[in-house]
Number of protein chains: 2
Amino acid sequence: MSVVALAKIPRPSKAQRIDTIVESARKVFCASGFEKGSIVDIAKDAGIAEGTIYRYFDGKRSLLDEVLHRHYAVFFDDVQQTLPSIEGHSNRLRYLIRRTLLSISGDRGICGLITRDKRPLDNETPSLSQDLNRQIAVLMADEVKAGIKSRTFHCNTSPSIVCDMIGGGLELIAYSYMRTGKSIDVDKVTDSISLTFLSGIESSDPTTESLANLVERLEQTADRLDHS
Amino acid sequence: MSVVALAKIPRPSKAQRIDTIVESARKVFCASGFEKGSIVDIAKDAGIAEGTIYRYFDGKRSLLDEVLHRHYAVFFDDVQQTLPSIEGHSNRLRYLIRRTLLSISGDRGICGLITRDKRPLDNETPSLSQDLNRQIAVLMADEVKAGIKSRTFHCNTSPSIVCDMIGGGLELIAYSYMRTGKSIDVDKVTDSISLTFLSGIESSDPTTESLANLVERLEQTADRLDHS
DNA sequence: AGCAAATAATGAACGCTATTCATTACTTAC
DNA sequence: GTAAGTAATGAATAGCGTTCATTATTTGCT
């Protein structure tokens, strides 16, 4: 035996191992995409053998699912905590749009991964990738439906189609962000989207609605004059 | 030599060969998708060897590009012929939406192929797949911009974002169609989309407009008073 | 502490692809 | 009719995800 003692390296716990693998997978997938990022690369990055990955994950796809799952968890925790504190269907929709845009512009790597990996259709792929958009779509649709019930919105159009337009718009904006690299002006885009669908969906006639806004601005101006 | 004469089968012309290959590729890709549809399958369907395909196409991707290119050609020929005959920006936008929906619901095979194959991002893949949506987006954006110039639409929102919402909405509707198989009510969906974005984009009535101007002047006056 | 039995990790081997290329078959031009 | 040119072939290659017999480590029991 050599003079140098063979230090028995203790094995990491199951949870640690999984964390290591998922983090390496995230790195590799974000850098190379799902197709091109290979299991060997991930194993190398994690400092383990390929086979080990298959002890903890069913396959490459499951690994991607876990990476995305962890990413989404943060988003949905945040949404679930914030959404109930916001008053009004329009404002809640607005928040959902804004929060999604923040998520997009906040992590370019994951955004690219999600953007590339759209739309599985096949029987076997269980389509976790578009869960974010799907779940958000549900949240939005609920808001629109509730808004219709409470007469905030009119019902000349289908809630699901409005949500498709918002969600689809957000997807294309994310795609454009990935292609061009031009940073997203979150507030501006939020305004633009909200304006576009709101004026088309709100119950009261446009005249009254904008009049109400104008009156509000007038009052604010009057307040300012009073204080000066 | 065997008694049966070896009938010298004359080779088909270059154009015929290409047509055969592309048609087989279309069949295979539509049936199995781009990933799962293999070159061997295509070659078998076309009755040739794999190697032959590579004499006419750079690779699998080019083959897909050609399949889509041929599909799009029909669509754009139709659009280019019809669009100029339609009066009014709203009506032209409406036509583009309707024509896209017809294209989607008209060829489930290709629709699935396009739906699955969204969003290349990588340097090498030259992204032919989303050409349809991109080119339509340009047509729509032109219409919106012209509408703003001619005061048909107001400019509180960005044309590109409106088009993202329409295009993205159409994509999600196509996706939903592929997943559920439920046929699309083209006219109803066209109406729904048009209503949603139109009422949000059309110029408000003159009374409100002038009032808005008045308020703005008042606000500016207040600003001046503040600064003095 | 020592010794099974259980559990984890390994990496060579497998099967499946797209792609290439020396070889063979056909066409064309003189 | 033959030689030069062009097209077609399919076995060979390289790269991937995945499996599994083998090896290494940990755990539980006395």
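In this predicted model, helix 4 of chain A and helix 6 of chain A make a left-handed crossing, meaning that the near helix is turned anticlockwise from the far one by less than a right angle. Their axes come within 12 Å and cross at roughly 125 degrees, with helix 4 spanning residues 60-82 and helix 6 residues 108-116. Axes here are lines fitted to C-alpha atoms over the stretch in contact, with angles from 0 to 180 degrees between N-to-C directions; helices are DSSP runs of H or I, at least four residues, numbered from the N terminus. The two helices are therefore oblique to each other, a label for whatever is not under 35, over 145 or 65 to 115 degrees. On the helix 4 side, A:Leu64, A:Val67, A:Leu68, A:His71 and A:Tyr72 meet A:Ile110, A:Leu113 and A:Ile114 of helix 6 (heavy atoms within 4.5 Å).

Turning to the DNA, 18 residues surround strand D, and A:Tyr54, A:Lys60, B:Arg17, B:Thr52 and B:Tyr56 come nearest (a residue is near if one of its heavy atoms lies within 4 Å). Sugar and phosphate make up 72% of the strand D atoms that come within 4 Å of the protein. Polar side-chain atoms sit 2.7 Å from a phosphate oxygen of strand D in A:Tyr54, 2.8 Å in A:Lys60 and 2.5 Å in B:Thr52. Helix 3 of chain B gives the most to this surface, with four residues.

Residues are numbered from 1 along each chain as written, with chains lettered from A and ligands numbered from 1 in written order. Local features need pLDDT of at least 70 and side-chain atom pairs 80 or more, while totals for chains, interfaces and linings use all residues, and side-chain values use heavy atoms, without hydrogens or water.

Methods:
A polar contact is a pair of N or O atoms within 3.5 Å; within protein, one must be able to donate a hydrogen and the other to accept it, and residues adjacent in sequence count only if both atoms are side-chain atoms.
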